[in-house]
Amino acid sequence: KPSPGKRFDIHLAGTHKVIRLAGIDKLALTSEESLDDWRKLGGDARNAGASHKAKKIAVILPHTTLAATIIGAIAEGALLSRYEYTTYKKPKSRNGNDVKEFLIIGEDLSLRGLQPVISEAEYRAQAVSLTRDLVNCPPNDLQPADLVKAARAVANSARSRLSLQVL
C-alpha cells in the first residue's frame with residue numbers, strides 16, 4: 001500500500017529499466033511546509049537513477065497548485081544529492097555513468113515561469129555545497145584568512161547582494 005516515504009521499484013522484464021514509485025503525503029500537495037519531502041524525493045530519484053546507471057530520470061507530478069514551488073524543491077534535492085567532499089580524496093569516477101537528464105513532468109508547466117525557480121534551486125544548492133565544504137574542512141586547514149577569502153568570493157559573485165566588512 002502506498003504511503004508517505006515508502007518506495008517501490010518495478011524492474012521491467014527484459015530490460016535494464018526501473019520504475020520507482022514513491023509515496024508522498026497528501027498534505028505535500030497543498031502545503032509549503034512539506035517542501036523538504038519534495039527535496040528528499042528529488043534527491044532519492046537522482047540517487048536511485050544513478051545507482052541503476054540511468055542516463056535519464058523523470059519525476060511525474062500529480063496535479064497541484066504549488067507546481068513551481070514543488071519543482072524548485074525537487075530540483076534542489078536532485079542537485080544537493082550530488083554533493084561530495086573531495087578536498088582530501090579523488091572524486092568518485094562516474095565513468096560516464098552519471099545522470100544526463102532529469103525531467104520533471106506535470107500539467108500546465110510553463111518553462112518561462114519555471115526558469116527563475118530552477119535558477120534559484122541551482123543557487124541554493126551551490127550555497128549549501130559551499131557551506132558543507134567549509135564545515136567539512138578541518139580547522140587547521142581553514143584559517144580565518146581562508147574563511148574571509150571564501151566570504152569575499154561569495155560577496156563579489158554576480159548574483160550576490162551582500163557586502164562584507166572584516167573586523
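**Figure 1. Strands β1 and β2 run side by side in opposite directions.** Strand β1 (residues 7-11) pairs with β2 in the antiparallel sense, and five bridges hold the count between them. This is a predicted model, so keep that in mind for every view that follows. For strand β2, the residues to look for are 18-22. One bridge to pick out joins Phe8 to its partner in β2, Leu21. Six residues sit between the two strands of this hairpin, and Gly14 there takes a positive phi near 75°.

**Figure 2. A closer look at Leu21, a residue of strand β2.** Buried or exposed, or somewhere in between: where does Leu21 fall? Leu21 has a relative accessible area of 45%, so it counts as partly exposed. Leaving aside residues up to four places away in sequence, Leu21 touches Lys6, Arg7, Phe8 and Ile10. Phe8 shows up here as a contact and also as the bridge partner of Leu21. Now find Ile60, which is 39 residues from Leu21 along the chain: the C-alpha atoms of these two are separated by 9.9 Å.

**Figure 3. A nonpolar patch on the surface brings together Phe8, Ile10, Leu12, Ile19 and Leu21.** Together these residues have about 420 Å² of accessible area. Which strands supply the patch? Both β1 and β2 do, with at least two residues each. Ile19 is one of the patch members, and its place is in strand β2. Like Leu21, which is partly exposed at 45%, Ile19 is partly exposed, with a relative accessible area of 40%. In a regular strand, side chains alternate between the two faces of the sheet.

**Figure 4. Helix α1 has a buried side that packs against its neighbours.** Helix α1 covers residues 35-51. Does its length add up, and what should you expect? With 17 residues at 1.5 Å a residue, α1 should span 24 Å, and its end C-alpha atoms are indeed 24 Å apart, so the two agree. The buried residues in α1 are Leu35, Trp38, Leu41, Gly42, Gly43, Asp44, Ala45, Arg46, Ala48 and Gly49. What do they pack against? Their neighbours are β1, β2, β3, β4 and α2 (67-80). After α1 comes Lys53, with a positive phi near 60°.

**Figure 5. Asp44 is a charged residue tucked into the buried list of α1.** Asp44 lies in helix α1. Its relative accessibility is 16%, so Asp44 counts as buried; the cut-off for buried is under 20%. Which residues does Asp44 touch, if you skip those up to four places away in sequence? The contacts are Arg7 and Arg20.

**Figure 6. Asp36 forms salt bridges with Arg39 and with Lys40.** Side chains of opposite charge can pair when their charged atoms come close. In the bridge between Arg39 and Asp36, N and O are 3.8 Å apart. Both residues lie in helix α1, three residues apart, about one turn of the helix. For Asp36 and Lys40, the closest N and O atoms are 4.0 Å apart. These two are four residues apart in α1, so they are separated by about one helical turn. How open is each partner to the surroundings? Asp36 is partly exposed, at 41% relative accessibility, while Lys40 is exposed, with a relative accessible area of 53%.

**Figure 7. Glu101 and Lys56 make a salt bridge between two strands.** Their side chains meet at 3.8 Å, N to O. The pair links distant parts of the chain: Glu101 is in strand β4 (residues 101-105) and Lys56 is in strand β3 (residues 56-60), 45 residues apart. Glu101 counts as partly exposed, at 37% relative accessibility. Elsewhere, salt bridges that share partners join Asp36, Arg39, Lys40 and Glu76 into one network. How many salt bridges does a search of the whole structure find? It finds five.

**Figure 8. Zooming back out, the protein has four helices and four strands.** Along the sequence, they follow the pattern β-β-α-β-α-β-α-α. Of the 167 residues, 26% count as buried. Among contacts with a separation of 6 or more, 64% are between residues 24 or more positions apart. The protein exposes about 11800 Å², and carbon and sulfur atoms supply 56% of that.

Definitions and conventions. Residues numbered from 1 in each chain as written. Predicted model: local features only at pLDDT ≥ 70, side-chain atom pairs only at ≥ 80, totals over all residues. Heavy atoms only, no water. Buried < 20%, exposed > 50% of the residue type's maximum accessible area, 1.4 Å probe, protein only. Contact = heavy atoms within 4.5 Å. Pairing = 2+ DSSP bridges. Patch = residues over 30% accessible without salt bridge, like charges linked within 9 Å, V, L, I, M, F, W, Y side chains within 5 Å. Areas by Shrake-Rupley, 256 points an atom, 1.4 Å probe, with all protein chains shown as cover. Expected span 1.5 Å × (residues − 1).
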